[in-house]
Number of protein chains: 2
Amino acid sequence: KESFNQISPSEFFYRNRDLAGFSNPTRSLYTAVREFVENALDACDQAGILPDVYLSIKAVDDEQADPKPYILTVKDNGPGIDSKHIPLAFGTVLYGSKFGLKQARGMFGLGATMAILYGQITTNKPVVVKSSPDGQSQDEYELLLDIQKNKPIIVKHNTKEVSKRGLSVSICLEGDYSKAGAKIRDYVYQTSLITPYATITFEDPKGEKFHQTKIVKTMPLPPTIIKPHPHGIDVETIRRMMADSHFQIPTVDNKMIEKVRKELGLKKNNLNYSEIMEKASKRWPGLSRHVRVVIAVMSFLKMDFEKLSKIRIDDMDIANKILAYWDFGESKSVSIDLDPESEYYKQLTNTVQGETLISFLTKRFQRIGQATAVKFTAFANLKPEKRIGTMTNQELVKLSDSLQKFEDFLSPDPSCLAPLGEEPLKKGMEQFFKPDFLEVVQRGASAYSGFPFIAEMGIAYGGEIKSVGQTVYRFANRIPLLYDEGSDVVLKVVNEIDWTRYKVKNDAPLVIVSHICSTRIPYKTVGKENVADRPEIERELRLALQFLARKLATFMSKRGHAEMEKKR
Amino acid sequence: KESFNQISPSEFFYRNRDLAGFSNPTRSLYTAVREFVENALDACDQAGILPDVYLSIKAVDDEQADPKPYILTVKDNGPGIDSKHIPLAFGTVLYGSKFGLKQARGMFGLGATMAILYGQITTNKPVVVKSSPDGQSQDEYELLLDIQKNKPIIVKHNTKEVSKRGLSVSICLEGDYSKAGAKIRDYVYQTSLITPYATITFEDPKGEKFHQTKIVKTMPLPPTIIKPHPHGIDVETIRRMMADSHFQIPTVDNKMIEKVRKELGLKKNNLNYSEIMEKASKRWPGLSRHVRVVIAVMSFLKMDFEKLSKIRIDDMDIANKILAYWDFGESKSVSIDLDPESEYYKQLTNTVQGETLISFLTKRFQRIGQATAVKFTAFANLKPEKRIGTMTNQELVKLSDSLQKFEDFLSPDPSCLAPLGEEPLKKGMEQFFKPDFLEVVQRGASAYSGFPFIAEMGIAYGGEIKSVGQTVYRFANRIPLLYDEGSDVVLKVVNEIDWTRYKVKNDAPLVIVSHICSTRIPYKTVGKENVADRPEIERELRLALQFLARKLATFMSKRGHAEMEKKR
Ligand SMILES: Nc1ncnc2c1ncn2[C@@H]1O[C@H](COP(=O)(O)OP(=O)(O)OP(=O)(O)O)[C@@H](O)[C@H]1O
Ligand SMILES: Nc1ncnc2c1ncn2[C@@H]1O[C@H](COP(=O)(O)OP(=O)(O)OP(=O)(O)O)[C@@H](O)[C@H]1O
Ligand SMILES: [Mg+2]
Ligand SMILES: [Mg+2]
């Protein structure tokens, strides 16, 4: 007979750590560096702080041969993390602050915890986290992971005074710097190219420092969170949006009653029914929605808090104007009529039925105006005034399908995106490649499945470029992608181009840089190394590359002419 | 200020369903078919039942254009699932029966639930599961998923009488058969090639039936679970193995006391101390280990159950022969001496200290004999008689490192693997390709990171093979892999071969079949479409392929000679 088990998500990623990029000491050292550096840059971006990131890798024993234990430390000048969040942020898998619809490097709530996990299972050492959000007081934690339970174990916790804001995280893990070193230096180098406003210092095991100072002094605007676009919608998402905007009658338990008392400022007092109603109507504008609903219910029941705590609301039948409750004292069910003339009647019905479809569309989605909403309801064959709380399952599916298929919604709002920009990209490529020819382009915003994205590309040719043939540098949300290029959409697009048509030989010293930014990058793997070939993304990359290739062709032919001239 | 959230694993895979192969209606329909068919075959394999799997895909509305809702049903004649496990098996992510170290198609505890999730978010319909483990009574469940909480919602549950054993699962999901159809038919076709003892019937949306009857009538032996091999070991795994084989003093709380009472058969009685000890010594051989430890503790404390429930054991200091406990009644800490002459003394010390290192190595790992264990302890610089419960963290890390590096362990035991075998592979390839030349080879067992694996390969040339150039069929644990060949280790090996050296033109009608079976396939993605290029696997595939290529070269040159002869 089969024996069944439930495993926690940390247990899942422990067993299958290859999926997250922790397959061997070489790759793990690289991935751990990435995860911590990307966290530091995300934090600074979000807080509008010019990042200053310090990364050091030190062998525990220099004499030992690779693979061997290393101490990896990443320090930043970012906003740090509040003390109460630190154990969970680093000690729990699927816990983080980047689950909203916003452009960021992180998205899974896994990265840092996986690096710490890998360190722990190879050296048994705890992670040391030091965080100072205000630059005055610093919390220092030593944490171990309970991998089976997905919980942190706090080994130590101190606070002390400091003079610098920021976060530092330090782990001891088994790595292989002799094999990973080149890739790590590439990563630092390329991060600097795509994040020209960041200063990065890397101290390697030999004590050698690689210092990348910022090339530009202005920060891009921090990415902002946006409302969803209708094309990204499935039935589950719609249900949840409706659950937010229209809710069931809240459970009137002791916790709820406490909340009502608190909002009415009646924490200690036990007023009678009419006094409560008077208080409520005075404070009405400031009351939260749940409390308003409870007050409305109380207005029909004509009960004070004491009596309210002795019943349980069972049913609200709007159509028949009946409210049913279970009386614990009497052990029986009671039904009362709801007076539709009561000022509280509307409050109750609106809560159960929710807002109209038109209001739902225009308020909860980005860029849907009144006219478009009306046009859509006609397309979907749904009444504009339909109360969303009263929609059947069938109607929900019809709504979700129609939202996907309707073609007249405006394309997604790209103002939430933070692309690099043509100027900074050009400057960065100029500094890094010192080419004879350099051209960049930023495509207009586009979208896949309702997620806005922008593709930026650059081509550099000749000059100090040493490599032979096309070398492709891929970036996504300002992260350099250095592995698995064989199954990345960018390589697919680059390889489909016949470069000879643009007067470029196949062994030409050519560099192609590609950067995609989006509120959600469609990575193929948890290790975030390659991007899926969504048709919309592929199309944007192709158009960008063809534009740049034509510019290069013009340059090549001019140069060809110039050389012909020289020969004469 | 950042707002932190914890998401459940089902929420994680809902948001990132691309990772599991559910990126669009075409791919999702394919992946859903795979997940259910692979579950059916795993279940039959495990129970030693010749599989008979029925798969049907029916459009809800034939007139509608793709993508549109389909009803996907997979029925098998397997052992079914017991009623109490069904909601969790299908309604919870990371819940399953395949987490042990055994060869199986499934390994994540995700597949079926993901298919059901995708169906639910595109059509809002529940999954219907019918299971009859005994062929007489069948449980039928309708389930929905609570994606945010990772829990099933039981919509319906009936039982009825039936006459056939097996399980059937049916979902309604949005798919695109016009695009996925070819891949699905390939999948069924290739599954039949690699599972020649299975009968598979596929009924497509047009009602057309593809019937693959079994080619061989004997089942391979069911895969067996094995002990771990030392090379697959990290510190976390060692800790857990030790926690099983040597435990701390169990917590003596009310639950524990209940357990002791139960095992002594004293559920109702409140015997005094000496009566309890007498009962215990009578029943000693049948007592579980935890209970024995508690009895031993009680023998030193000289307490009955009543008194025992009023204290908390704080420390067991074996070296100084002291037991310390907190007395709740007196609110003070009490220390008593442990009499080393007592018959229970040995019981306690063995529990705290655990078994010897030699015993741990020979009992808990596969294929470590006494002599190898002694040789290893010398290599690791640890005493053979060291009690594992007394090892420091440093020593644990040293043990784990040494287990990885020691070169004289026997290679892993492959008897737990179930390869296809040269005969069935040859038969299958003969039937499917009807070639002029056919050669297969099964390599001996090898291992990567302590996981045993066997590579089997076959080459077919000419005859009825229509395709031009090398067509590669990849299989892993009897699953056909039809996507992402670009980043699979098999393609890497095939492309590195210079076929002209073996007298094979690049446009030759050549088919290469590769099958890897292991207790753990190192997939690169949760969608199980490509295998990572672990060096040991790459090497085995390369040696197999070179062997087959040489055989083909011999055939080609003989054929070359024969044609030369003809011309004369
Ligand atoms: N250097 C840092 N400064 C401030 N906050 C940080 C820093 N590093 C991590 N965090 C916080 O800890 C959380 C967890 O980090 P973790 O890397 O595990 O997940 P993530 O970055 O959200 O997602 P991903 O797995 O994609 O990296 C982050 O969401 C962030 O809020
Ligand atoms: N047709 C079936 N017959 C018997 N048991 C089944 C069947 N289908 C699923 N199960 C049981 O349900 C469990 C969960 O299945 P699920 O596909 O979600 O995970 P898995 O097969 O264990 O792993 P994976 O995610 O890799 O497929 C399985 O472990 C198995 O015990
Ligand atoms: Mg992160
Ligand atoms: Mg499965």
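A salt bridge here is a side-chain nitrogen of Lys or Arg lying within 4 Å of a carboxyl oxygen of Asp or Glu. With that in mind, and remembering that this is a predicted model, select E11(A) and R240(B), which form such a salt bridge with their closest N and O atoms 2.7 Å apart. Widening the view to the boundary of chain A and chain B, the count of salt bridges between them is ten, and 30 residue pairs, both members at pLDDT 80 or more, are in polar contact across the interface.

Next, colour the elements on the side of chain A that touches chain B: β1 (5-6), α1 (9-15), β4 (95-96), α4 (111-123), α6 (235-245) and α14 (393-405) each supply at least two residues to that side, and α1(A) gives the most, with six residues. The residues of this side of chain A divide into 25 nonpolar, 21 polar and 18 charged.

Now show the contact as a whole, to which chain A and chain B contribute 64 residues each. Between them the two chains bury about 5,300 Å², of which 48% is on carbon and sulfur atoms. To find where chain A loses the most area to chain B, select F4(A), N124(A) and R240(A), which together account for 13% of what that side buries.

Finally, turn to the strands and display β4(A) together with β1 (residues 5-6) of chain B, which pair in the antiparallel sense over two bridges. Within this pairing, centre on G96(A), which stands opposite N5(B) in β1(B).

Terms used. Residues are numbered from 1 along each chain as its sequence is written. Chains are lettered from A and ligands numbered from 1 in the order in which they are written. This is a predicted model: local features need pLDDT of at least 70, side-chain atom pairs count only at pLDDT 80 or more; totals for chains, interfaces and linings use all residues. Side-chain values use heavy atoms; hydrogens and water are left out. Contact means heavy atoms within 4.5 Å. Buried area is the accessible area (1.4 Å probe) that two parts lose on being put together, summed over both. A polar contact is a pair of N or O atoms within 3.5 Å; within protein, one must be able to donate a hydrogen and the other to accept it, and residues adjacent in sequence count only if both atoms are side-chain atoms. Helices (H or I, at least four residues) and strands (E, at least two) are DSSP runs, numbered from the N terminus. Ala, Val, Leu, Ile, Met, Phe, Trp, Tyr, Cys and Pro count as nonpolar, Asp, Glu, Lys and Arg as charged, and the others, Gly among them, as polar. Two strands pair if DSSP finds at least two bridges between them.
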